[in-house]
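User: I have a model open and would like to talk through its domains, pockets and cysteines. Could you take me through them?

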Amino acid sequence: MSTDGNERKKARKTPEELRSHRWYGVNDLRSFGHRSRTAQMGYSREEYAGKPVIAILNTWSEMNPCHTHFKQRVEEVKRGIWQAGGFPIELPVQTLSEPFQKPTTMLYRNFLAMEAEETLRSYPADGVVLMGGCDKTTPALLMGAISMDLPTIFLPAGPMLRGNWNGATLGSGSDTWKYWADLRAGKITEEDWQGVEGGIARSPGHCMTMGTASTMTSAAEALGFTLPGFASIPAPDSRHAQMAAKTGMRIVEMVWEDLKPSDILTAQSIDNAVTTCLALSGSTNAIVHMIALARRAGIELTLDRYDSLSRRTPVLANIRPTGAYLMEDFYYAGGLQAMLAELGDLIDRSQKTVNGRTLGENLEGAQIFNDDVIRRRSNPLMPDNGLAVLRGNIAPDGAVIKPGAAEPHLLVHTGRAVVFKDYNDMAARIDNEDLDIDESCVIVLQHAGPVGAPGMPEWGQLPIPKKLLQKGVRDMLRISDARMSGTSYGACVLHVAPESFVGGPFALVRDGDLIELDVPQRKLNVLVSDDELARRKNEWVAPEPRFSRGYGAMHQVHVLQADKGCDFDFLQRGGAGTTSSEPEIH
C-alpha cells in the first residue's frame, strides 16, 4: 500500500458516516420503512446494518450481445461484495447496444449518463460498481459516476474471442466492411457472405478489434478506474470471472477509504488515458468521449491537447483495423499492462488508481511476450500521429482523421466534392451509375452531426460507389460531421465542427468545389473565396428541428458540438468533487 493509501486507511469512515446510514441507521419513521421493505426482500438487519451498500449498475439486456455474460458476472461481483463485508444491490440501467439501437447509441449516451448519476443520487449507495463495455456504456457510466463522485470501480465486459470463417481469422467490424465491399464488387458469393455472418461473432464480449469498446475500456484502466489488467481479459476467460469477484471485494474497501473519482482524476491521468488511446491506434470516438469525461471532472481537454499528445506517442498495438492482430492476441502478448510499461516516460506513473496503488506500482513486472503484437518503442507500428486534428475554413473548430487507417496517397489530396445533403440522399444515389464521380473525388456527407443526424451516428466510413469498387478502388477521401466505428478504416475525415445542421461552414460546401486535405500540415479547406462563402452563408436556411417532444427535443437544444464532447451543456458545469450540491435526502 502506498503512503497515500495508508493515509486513507487512517481516515477510514465509521459506519455512522456511510451515506446509506441516512436510509438505514436513523431511528425514525422513514428508516423504519426502509428497513421493513428490505426485510420484505428477505434480508435481516444483520446483513446490511452498518455495512457499505454497494450499487451495481448493470447494463445487461437481451438486446446487448456484448453483455450476455453479465448475468453471471453480476453474481460474481456480489460474491466479492459479500465476502468483503458489503451489501450489494443490483440496479439495472439502460443498455446501449451498438449493434441494435437506432439511430445511434450516441444519441443516448447522455441519457445513460444522467440515469447513472440520478440512480446513484436517489438510492442508498455508498459506492458503485459500473458494468459496461459495449461502446457508449463505458463513457456514459463513467460520466454519471464522475459527476456523482461516490467511490467507483469499473468492470469491463472484455473482448469476444477471435472470429473464424473457412480458416480465416475474422475481426468484428473491420472484416464486415472488407467482405461487404467484396460482395458488392462481386468478389465473393452470397454463400460466402453468410459464412462470414455465422463466424464473425462467436462468444460473449465486445468487439475484439481495436474499436470504441476496447479503446474506452483500456482508457478506463489507464485512468485508474479498473483493477490492473482487467480491460484486456477476453470475456469468456475464467480470469474475467475471478476479476469480477475481486472488483466486488475492492469496492467495499474503497468505501471505507472514501476513495472517489475526484481523488483519481487529474490532468495527468487524463493525459495517460489519451496517450493510451493513441498508442493503441484506438477509435476516433475516444476523442469525443475523453473530452466529455474530462469536462465532467472540471478538467479542460481540448482537441489541440489531443493532437499534441498524438505527435509524441508511438503506435505500439498491432491490432486491427490499423494492425494485424486481435484483442485475444493482445492479451496473450502481455495485455494493456505490458503496453503501458513499454510507453515508459510517456505515462505519468504517479497517478492513483482504484486499488490504492499508483499506476507505476501496478505496472511493476509487466512484460511483453510477443513483440510483434505489442511493439517496442524502438520498433513501433507507427512512430506517431495515431490520430490527427485538422482545421480550416470548413472545420474552424476542428475535425479528425486516423492516418494509419487511410491509404497514404490520400493524406495530401485535393479533389472535387460530391455532396450528399443527408444519409438518405447518399443511400439513394451512391450506387447510381449516372453519378458523376471517380476515385479522385471527395465524398461529402452533411447533416450527420450531433443535432442533424440526429445523434452523430457512425456513418463516417461512407460507402465507395459500387462502380468504383468494381474497378478495384478501396479507399477515397470522405468527409462528414458524423463519427465512424472504431473498427472502420479508410481516409475518412470525421467530427467536422461546427456541424452543418446548425449552420457551420461545412453546410456551405457544394458539388464541384475543390477540397484540399493536408494531414501533415493539419489543414482541411474548401478552395472557395471568403466572399463566396459569405454569400452562401447569407443564403443558408436553417433546417426544421428533428424533434418536437421527448428526450430528442431536449437533446437537440442542449447537446454540445463534437469538439466539446457532445455532452449536455447543463451537465458539464458540475464535475468531480461537486456533490455538495446534492440535495439533502430525508
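**Domains, pockets and cysteines**

Analyst: Over residues 372-566 the chain is 15% helix and 21% strand, with the end C-alpha atoms 36 Å apart. Please keep in mind that this is a predicted model.

User: What does UniProt call residues 372-566?

Analyst: The unreviewed UniProt entry places the feature "domain: Dihydroxy-acid/6-phosphogluconate dehydratase C-terminal" there, at residues 372-566.

User: And which residues does the N-terminal domain annotation cover?

Analyst: In the unreviewed UniProt entry, "domain: Dihydroxy-acid/6-phosphogluconate dehydratase N-terminal" covers residues 51-362. Over residues 51-362 the chain is 49% helix and 9% strand, and the end C-alpha atoms are 28 Å apart.

User: Pockets next. How much space lies in the largest pocket?

Analyst: The largest pocket holds about 1600 Å³ of space. Its lining consists of 49 residues, and those nearest the centre are Thr 176, Trp 177, Glu 458, Ser 485 and Ser 488. Two elements, α8 (174-184) and α19 (423-429), give two or more residues to this lining.

User: Which element gives the largest share of that lining?

Analyst: Helix α8 does, with five residues. By class, the lining of the largest pocket divides into 26 nonpolar, 15 polar and eight charged residues.

User: Let us stay with α8. Which of its residues are buried?

Analyst: The buried residues of α8 are Ser 174, Asp 175, Tyr 179, Ala 181, Asp 182, Leu 183 and Arg 184. Their cover includes β5 (163-165), β6 (168-170), α9 (190-199) and α20 (466-469). Just after α8, Gly 186 takes a positive phi of about 80 degrees.

User: What about the second largest pocket, and how much space lies in it?

Analyst: About 350 Å³ of space lies in the second largest pocket. It is lined by 18 residues, and Tyr 24, Thr 38, Met 41, Phe 87 and Ile 89 are the closest to its centre.

User: Which elements supply at least two residues of its lining?

Analyst: They are α2 (21-24), α3 (29-40), α5 (70-83) and β2 (87-92). The largest share, five residues, comes from β2. The lining of the second largest pocket has 11 nonpolar, four polar and three charged residues.

User: α5 came up there. Is Val 77, in that helix, buried or exposed?

Analyst: Val 77 counts as buried because its relative accessibility is 0%.

User: Which residues is Val 77 in contact with, leaving aside neighbours within four places in sequence?

Analyst: Val 77 is in contact with Ile 56, Val 129, Leu 155, Ala 244 and Gly 248. As for Phe 111, which is 34 residues from Val 77 along the chain, the two C-alpha atoms are separated by 25 Å.

User: Changing topic: how many disulfides does a search of the whole structure find?

Analyst: The search finds zero disulfides.

User: Why is there no bond between Cys 66 and Cys 134?

Analyst: The closest cysteine sulfur to that of Cys 66 is in Cys 134, and the two are 3.7 Å apart, which is too far for a bond. A disulfide requires the sulfur atoms to be within 2.5 Å.

User: And where does Cys 207 stand?

Analyst: Cys 207 is in no disulfide either, and its nearest cysteine sulfur, that of Cys 66, is 6.0 Å away.

User: Are these two cysteines, Cys 66 and Cys 207, buried or partly exposed?

Analyst: Cys 66 counts as buried because its relative accessibility is 8%, under the 20% cut-off. Cys 207 counts as partly exposed, with 23% relative accessibility.

Key: Residues are numbered from 1 along each chain as its sequence is written. This is a predicted model: local features need pLDDT of at least 70, side-chain atom pairs count only at pLDDT 80 or more; totals for chains, interfaces and linings use all residues. Side-chain values use heavy atoms; hydrogens and water are left out. UniProt positions are given in the numbering used here, feature names are shortened, and annotations may be inferred rather than shown by experiment. Helices (H or I, at least four residues) and strands (E, at least two) are DSSP runs, numbered from the N terminus. On a 1 Å grid over the protein atoms alone, a cavity is a set of points where a 1.4 Å probe fits but cannot get out, and a pocket is an open set with protein on both sides within 12 Å along at least five of seven lines; lining residues have an atom within 4 Å of a point. Grid points are joined across faces, edges and corners, and a volume is the space filled by probe spheres set on the points. Ala, Val, Leu, Ile, Met, Phe, Trp, Tyr, Cys and Pro count as nonpolar, Asp, Glu, Lys and Arg as charged, and the others, Gly among them, as polar. Buried means under 20% relative accessible area, exposed over 50%, partly exposed in between (1.4 Å probe, protein chains only). Contact means heavy atoms within 4.5 Å.
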